[in-house]
Each structure stands twice: as C-alpha cells, then as structure tokens.
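Got your viewer open? Let's take a walk through this protein, one selection at a time.

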Amino acid sequence: MLSGAEERGSAFETRNHDGQTTVWVVIDYRPAEGRVSYARLAQESNIGLVDVVCTESEGGGTDVSVAYTLTPLHAAGEAFVGEFLDPPRYARMIDEWQAATSAVLSPRSHGLVGIPREIPGAYEGEK
C-alpha cells in the first residue's frame with residue numbers, strides 16, 4: 001500500500017514477472033455492491049482502467065467480471081496492450097487470476113466460479 005486503506009483514493013503498487021511497476025489508484029469502491037474500479041499506470045508502458053464486478057453465482061460461490069481499458073504510452077506499450085487484450089492470452093490471464101485468488105480465500109468459501117471470458121475494455125490506440 002502506498003496510501004489509504006480499502007477506499008476511494010487509496011493507492012498501491014504491484015510488480016509483474018518482468019519487474020515492471022504498476023501504480024494503482026482506487027477510483028470506485030462499493031463492497032456492498034460487489035464493485036471496485038481502479039486507474040492504473042504501468043511504468044513506461046500504458047495507462048488504463050480496471051473494473052471488477054462480483055455477483056452471487058446461482059450455483060454458489062461468486063461470479064467475477066473483470067474489464068480492462070488500456071491506452072499505450074508509446075510503440076512498445078502499444079505492442080504490450082495488443083498482446084494483453086488478445087482474447088486467448090486474456091483468458092489465460094483470467095484463469096491464472098482465478099487460481100491465485102481462489103488459493104487465498106478461506107476454506108469455507110466456495111471460491112470463484114464462472115469467471116466470464118469477456119474481451120476486456122476498448123482499446124482505441126495511442127492518445
């Protein structure tokens with residue numbers, strides 16, 4: 001965590017497998033409605049928005065929808081965004097996210113089921 005807690009305006013950072021830092025800012029936080037949205041800056045690559053919506057699954061557990069809207073900052077960022085938003089690659093990333101998230105849920109939780117394989121948000125090219 002860089003600042004704040006679980007609330008709008010909180011900031012944190014992550015590092016990917018290649019060591020790239022991404023700074024995240026919570027822009028919408030409504031846990032009672034199962035919603036959270038983030039603005040993010042992937043250093044030297046892209047900026048974007050991530051929207052997460054959780055709903056109760058009819059079969060028990062939780063359905064999770066994750067949508068990315070990314071804008072590259074330069075040509076290398078454009079290549080990354082194109083690869084990231086590629087449907088098969090995005091589906092693999094969501095599968096990895098589901099497995100990692102399910103691994104930290106409490107044993108009595110049903111975990112995550114039925115994560116939609118939605119194509120992430122719009123990519124309109126460099127701005």
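## Stop by stop

Start by selecting β3 and β4: these two strands pair in the antiparallel sense, over eight bridges. Bear in mind as you click around that this is a predicted model. Now pick out Y38 and look across to β4, where V50 stands opposite. Next, follow the chain round the turn of this hairpin, where three residues sit between β3 and β4. Click on E44 in that turn: its phi is positive, at about 60°.

Keep β4 on screen and add β5. Here, too, the strands run antiparallel, and eleven bridges join them. For one pairing to look at, select D51 and find its bridge partner, A67, in β5. β4 and β5 also form a hairpin, this one with five residues between the strands. In its turn you'll find G60, with a positive phi of about 95°.

While you're on β5, click V64, which has its place in this strand. Is V64 buried or exposed? Its relative accessibility is 1%, so V64 counts as buried. Try a distance label from V64 to R35: they are 29 residues apart along the chain, and their C-alpha atoms are separated by 9.8 Å.

Time to go inside. Select Y38, V50, V52, V66, Y68, F84 and Y90, the residues with the most contacts inside the largest nonpolar core, which has 17 residues. Colour β2 (21–30), β3 (35–42), β4 (46–56), β5 (62–72), α1 (75–84) and α2 (87–104), since each gives two or more residues to this core. Which element supplies the largest share? That's β5, with four residues. As background, nonpolar side chains tend to be buried together in soluble globular proteins.

Now switch on a surface and look for the largest pocket, with about 1100 Å³ of space. Its lining has 26 residues, and W24, Y68, F84, M93 and W97 are the closest to its centre. Highlight α2, which gives the most to this lining, with seven residues. Colour the lining by class and you get 15 nonpolar, five polar and six charged residues.

Last stop: the second largest pocket, with about 200 Å³ of space. Select E6, V26, Y29, V36 and Y38, which lie nearest its centre among the 13 lining residues. Both β2 and β3 supply at least two residues of this lining, and β3 gives the most, with three. By class, this lining divides into eight nonpolar, two polar and three charged residues.

Key
Residues are numbered from 1 along each chain as its sequence is written. This is a predicted model: local features need pLDDT of at least 70, side-chain atom pairs count only at pLDDT 80 or more; totals for chains, interfaces and linings use all residues. Side-chain values use heavy atoms; hydrogens and water are left out. A nonpolar core is a set of buried Ala, Val, Leu, Ile, Met, Phe, Trp, Tyr and Cys residues joined through side-chain atoms within 4.5 Å. Buried means under 20% relative accessible area, exposed over 50%, partly exposed in between (1.4 Å probe, protein chains only). Two strands pair if DSSP finds at least two bridges between them. On a 1 Å grid over the protein atoms alone, a cavity is a set of points where a 1.4 Å probe fits but cannot get out, and a pocket is an open set with protein on both sides within 12 Å along at least five of seven lines; lining residues have an atom within 4 Å of a point. Grid points are joined across faces, edges and corners, and a volume is the space filled by probe spheres set on the points. Ala, Val, Leu, Ile, Met, Phe, Trp, Tyr, Cys and Pro count as nonpolar, Asp, Glu, Lys and Arg as charged, and the others, Gly among them, as polar.
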